[in-house]
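Here is a quick tour of the cysteines, the empty spaces and a couple of the helices. Have the structure open while you read.

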Amino acid sequence: MDDRPRGGRRAALLLAVITPLIAELTLGNPPLSQIWLMLLWIPIYGAGTVLIRELVRRRHGGWPSILLLGLAYGIVEEGLVLQALSSPTMYGVAGWAPRFLGLNTAYAELNLPYHAVFSVALPILLTDLAFPALRDRPYLKRTGLVVAGVVFVLGGLLLRFTVATSIDPGYQAPAAVLAGCVIAVVLLAVVALRVLAPARSPAPAGAPAPGPWVAAGFGLLAGFGYLALLFPFGGAAQPAFTHGAWVAAPMLGAALLAALTWWLVRRWTTGGGWTDRHAICLAGGALVGHTAFGVLANAATLVDKLELSALGLLTVVLLALLSRRTGTGSITSPTGRHGRPAAEGSTR
């Protein structure tokens, strides 16, 4: 008897496809004229995020578990596969800020949280909103879980022997760095799947949820602001046009912004009144903010800027259509698991 949830395969496929689109294409990496490069990213991104969601759902975990595994994913991609976390030459990121323990500090602060949010959490959130009946359940049977794991590993090897070797030929991260990355991934996985899961719903203790448009505006400012603080743009050699040790200022600012975002979203989602529509607006604002930054910093030509802007508008349209399909159910607390619909009495 097939005990796979009805629609699970379609949900898993949607998640696998939208993950690299959100993480790479809507940021302008690559431009639409080179969209075929997404074929290189879909295996590791898509299978990786599906694998994370399946593992967390099987443990009845919540968003802290998803975010920690998102950090682990970022370490795998950036530290083990591309090895950009430690490379002294790739992307020129070694010059962004002082290196520590052989790692590119500003690049790590930028990309590891970016992967946790834009490569993992937001695609999972949007897929859950598109398939609300499955939001608390795994999408796949055990065989599907194994396949996702195999594709993830193969996708990592594909990137290692194509993208990494072409961008940074001849570089091999030191054994100590690779070992540290593996240890960090294992520790994050243990905490996410053993210590934090299964999640418990917190008692309402926060502030009442703001209006959906307020959530959207905050998401836009947070998404744009975090990237702008850490990614050099406009000809800058270091983040936020700083020089030398002054780079510590935007790095500290980005850390404070991330902490503020967590604190506010936690209060809003545990204080009552948080609905699926709020979640869509918050996610949509973050996506628009990160695409706007892509237009500013990544799009090299006027055509690229116009195409990326159009992609941002398409994102807004699709999110508006998704919002029309949703009710007023409560989807999530960042400190716990997905909630039941508000009609059942939950305001998580």
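Let's start with Cys181, which counts as buried because its relative accessibility is 6%. Cys281 is buried too, at 16% relative accessibility, the cut-off being under 20%. If you're wondering about disulfides, a search of the whole structure finds zero. Keep in mind that this is a predicted model.

**The spaces**

Now for the holes. How many cavities of 30 Å³ or more are there? The count comes to two. The open pockets are listed with the largest cavity here:

| Space | Volume | Lining by class |
|---|---|---|
| Largest cavity | about 70 Å³ | seven nonpolar, two polar, two charged |
| Largest pocket | about 900 Å³ | 28 nonpolar, five polar, no charged |
| Second largest pocket | about 630 Å³ | 19 nonpolar, four polar, three charged |

The largest cavity is lined by residues from separate parts of the numbering, including Leu25, Gly28, Pro30, Pro31 and Leu32, along with Asn298, Ala299, Asp304 and Glu307. Leu308 and Leu311 are also in that lining.

The largest pocket has 33 lining residues. If you want to find its centre, look for Leu67, Val117, Ala121, Thr261 and Trp262, which lie nearest to it. Helices H3 (63–81), H4 (105–130), H7 (212–230), H8 (248–270) and H9 (276–297) each put at least two residues into the lining. Which helix gives the largest share? That's H4, with eight residues.

The second largest pocket is lined by 26 residues, and the ones nearest its centre are Glu24, Asn29, Trp41, Tyr91 and Tyr107. Here H2 (38–58), H3, H4 and H5 (142–167) each supply at least two residues. H4 again provides the largest share of this lining, five residues.

**Asn29, by the second pocket**

Asn29 is worth a click, as one of the residues nearest the centre of the second largest pocket. You'll find Asn29 in the loop between H1 (8–23) and H2. Is Asn29 buried or exposed? Neither, quite: its relative accessible area is 32%, so it counts as partly exposed. Along the chain, Asn29 and Ala299 are 270 residues apart, yet their C-alpha atoms are separated by 8.6 Å. Ala299 itself is part of the lining of the largest cavity.

**H4 and H5**

Since H4 turns up in both pocket linings, it deserves a look of its own. It has 26 residues and spans 36 Å from first C-alpha to last, close to the 38 Å expected. Even so, H4 has a kink of about 35° at Ala121, shortly before the proline Pro123. Ala121 is also among the residues nearest the centre of the largest pocket. Of the 26 residues in H4, 23 are buried, so the helix is largely enclosed by the rest of the structure.

H5 also has 26 residues, and its C-alpha atoms reach 36 Å from first to last, close to the expected 38 Å. The bend in H5 is about 35° and falls at Arg160. Arg160 is buried, and so are other H5 residues, among them Leu145, Ala148, Gly149, Phe152 and Gly156. Leu159, Val163 and Ala164 are further buried residues in this helix. For reading lists like that, remember that an α-helix has 3.6 residues a turn, so residues three or four places apart point the same way.

Key: Residues are numbered from 1 along each chain as its sequence is written. This is a predicted model: local features need pLDDT of at least 70, side-chain atom pairs count only at pLDDT 80 or more; totals for chains, interfaces and linings use all residues. Side-chain values use heavy atoms; hydrogens and water are left out. A disulfide is a pair of cysteine sulfur atoms within 2.5 Å. Buried means under 20% relative accessible area, exposed over 50%, partly exposed in between (1.4 Å probe, protein chains only). On a 1 Å grid over the protein atoms alone, a cavity is a set of points where a 1.4 Å probe fits but cannot get out, and a pocket is an open set with protein on both sides within 12 Å along at least five of seven lines; lining residues have an atom within 4 Å of a point. Grid points are joined across faces, edges and corners, and a volume is the space filled by probe spheres set on the points. Ala, Val, Leu, Ile, Met, Phe, Trp, Tyr, Cys and Pro count as nonpolar, Asp, Glu, Lys and Arg as charged, and the others, Gly among them, as polar. Helices (H or I, at least four residues) and strands (E, at least two) are DSSP runs, numbered from the N terminus. The expected span of a helix is 1.5 Å times one less than its number of residues. The bend at a residue is the angle between axes fitted to the seven residues ending there and the seven starting there.
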